[in-house]
Amino acid sequence: MILVTGGAGFIGGNFVLDWLANPRAEGIVNLDKLTYAGNLATLSSLEHDIRHQFVYGDIGDTILVTKLLQEYQPRAIVNFAAESHVDRSIHGPAEFIQTNIVGTFNLLECAREYWSNLNADMKKSFRFHHVSTDEVYGSLTPSASAFSETNPYEPNSPYSASKAASDHLVRAWFHTYGFPVVTTNCSNNYGPYHFPEKLIPLAILNALNGKPLPIYGDGQQIRDWLYVGDHCSAIREVLSRGKLGETYNIGGWNEKANIDVVKAICLILNELKPRSDGRSYVEQITFVRDRPGHDRRYAIDASKVERELGWRPAKTFDTGIRKTVQWYLDNPVWIEGVVSGTYRDWLQKQYS
Ligand code: NAD
Ligand code: TYD
């Protein structure tokens, strides 16, 4: 088995589905606290798959994590569990400190204890893969080189500061205890099962519902966009062949201004699902007040992972965004559950 944390979220959910799409893959124990961002509907196709064991719980729960490690004896942990939305971190940073920093610390400590008692073979093959973000590097000027793994950390939001802290803990556990870690820092993901608080799913759903498409500030902030399936393949590669103690930047080689991302979505929707009045979805774009401390540009230099592990993204922005828009058009049931909040009924039924 491998232990995946946060596997009911956007990237973790895609990772679990992709992993188990391989019939020869090891099973997964999926530990998730099912915050507002955790959605078991994403994993509904695995309901009868005995290779997937879902466990409702917190990475900060020492007793539970210790018990799971003893019971399932995983040969790796992939840590996706986090609070992940910058805007939420501005309004309420406490949960970010708790899960992203204290939770990661707890997971590391439980895992180190487990690992230190493994037999020599298992000890050698064990991996702790920490999933992190390019936001830890701070903001780039328009002409600056893309982030490489040696860039200094300059996080600017409570979210990125909490992820930076977790990265430092992971690094220290390797240097101090020899605990076998790898870290990946990736750019903005997009794709299926993305919670519609983030720019791309929000723009698609607001467009279809005739609502404004909110662009913060002047919309010229630049992000590198990575298709989630490509991120998952990069994680599998780093998990199996990454060098211990190393970090790998994962990016899509797709730098785009926010306004251009939203316009691209509008043009695809004009084609696939034209508005009933025949006008363009672009007319719904609305400029709104900027995010406080909004980072201007992120860009990832993903050449190390290509050079050392031969990984490159398979999707361009054009192919990835088209596939994503099509997915949202084809999956009204998942969307309806998220928008109406019924995806949380299971939690209430099970635990109220
Ligand atoms: P998400 O918010 O969609 O999912 C996070 C998942 O973690 C949810 O299922 C949630 O229920 C779970 N969770 C939260 N707190 C928990 C806790 N204390 N214990 C157990 N589970 C908990 O996030 P995502 O977009 O899937 O991101 C996954 C990881 O990738 C995060 O670590 C994030 O920082 C990182 N990342 C995300 C992006 C992106 O563009 N989404 C980019 C770079 C890095
Ligand atoms: P987001 O998807 O929240 O990801 P992150 O903040 O982690 O990069 O935002 C992506 C970019 O889009 C970011 O520059 C903020 C901007 N944005 C908007 O312009 N409007 C919106 O409604 C949202 C949610 C984001």
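A salt bridge here is a side-chain nitrogen of Lys or Arg within 4 Å of a carboxyl oxygen of Asp or Glu. With that in hand, glutamate 271 and arginine 322 make a good starting point: they form a salt bridge whose closest N and O atoms are 3.1 Å apart. Glutamate 271 lies in helix α9 (residues 258–272) and arginine 322 in helix α11 (residues 317–330), so the pair ties together parts that are 51 residues apart in sequence. Helices (H or I, at least four residues) and strands (E, at least two) are DSSP runs, numbered from the N terminus.

Before going on, a word on what you are looking at. This is a predicted model, in which local features need pLDDT of at least 70 and side-chain atom pairs count only at pLDDT 80 or more, while totals for chains, interfaces and linings use all residues. Residues are numbered from 1 along each chain as its sequence is written, chains are lettered from A and ligands numbered from 1 in the order in which they are written, and side-chain values use heavy atoms, with hydrogens and water left out.

## Salt bridges

A search of the whole structure turns up 17 salt bridges. Three of them are set out here.

| Acidic residue | Basic residue | Closest N to O distance |
|---|---|---|
| Aspartate 218 | Arginine 296 | 2.7 Å |
| Glutamate 271 | Arginine 322 | 3.1 Å |
| Glutamate 283 | Arginine 275 | 4.0 Å |

The bridge between aspartate 218 and arginine 296 links distant parts of the chain, 78 residues apart: aspartate 218 is in the loop between β8 (213–216) and β9 (222–227), and arginine 296 is in the loop between β12 (285–288) and α10 (303–309).

How open are these residues to solvent? Buried means under 20% relative accessible area, exposed means over 50%, and partly exposed is in between (1.4 Å probe, protein chains only). Aspartate 218 is partly exposed at 37%, and arginine 296 is partly exposed at 36%. Arginine 322, at 35%, also counts as partly exposed. In the bridge between glutamate 283 and arginine 275, glutamate 283 is partly exposed at 46%, whereas arginine 275 is buried at 18%. These two residues also belong to a network of salt bridges that links Arg275, Asp277, Arg279 and Glu283.

## Aromatic rings

The whole structure holds 20 aromatic pairs. Rings of Phe, Tyr and Trp (its six-membered ring) pair if their centres lie within 6.5 Å; planes under 30 degrees apart count as stacked, over 60 as edge-to-face and the rest as tilted.

The rings of tyrosine 36 and phenylalanine 195 have centres 5.2 Å apart and planes at 75 degrees, so this pair is edge-to-face. Tyrosine 36 sits in the loop between β2 (28–32) and β3 (52–56), and phenylalanine 195 in the loop between β7 (188–190) and α7 (199–208), so the pair ties together parts that are 159 residues apart in sequence. Both residues are buried. Another edge-to-face pair joins tryptophan 327 and tryptophan 334, at 5.4 Å centre to centre and 70 degrees between the planes. Tryptophan 327 is buried at 13% relative accessibility, as is tryptophan 334 at 9%.

Tyrosine 36 has a charged partner too: arginine 88 lies over the face of its ring, 3.4 Å from the centre. A charge sits over a ring if NZ of Lys or CZ of Arg is within 6 Å of the ring centre and within 35 degrees of the ring normal. In the same way, the charged end of arginine 112 sits over the ring of tyrosine 177, 3.6 Å from its centre.

## Proline 180 and its surroundings

Tyr114, Trp115, Phe126, Phe128 and Phe179 form one aromatic cluster. Which residues does proline 180 contact, leaving aside its neighbours within four places in sequence? They are Trp115, Phe126, Arg127, Phe128 and Leu244, where contact means heavy atoms within 4.5 Å. Proline 180 lies in the loop between α6 (158–177) and β6 (181–186) and is buried, with a relative accessible area of 3%.

## Asparagine 188

Asparagine 188 is found in strand β7 and is buried at 19% relative accessible area. With neighbours within four places in sequence left aside, asparagine 188 is in contact with Asp134, Arg223, Asp224, Trp225, Leu226 and Tyr298.
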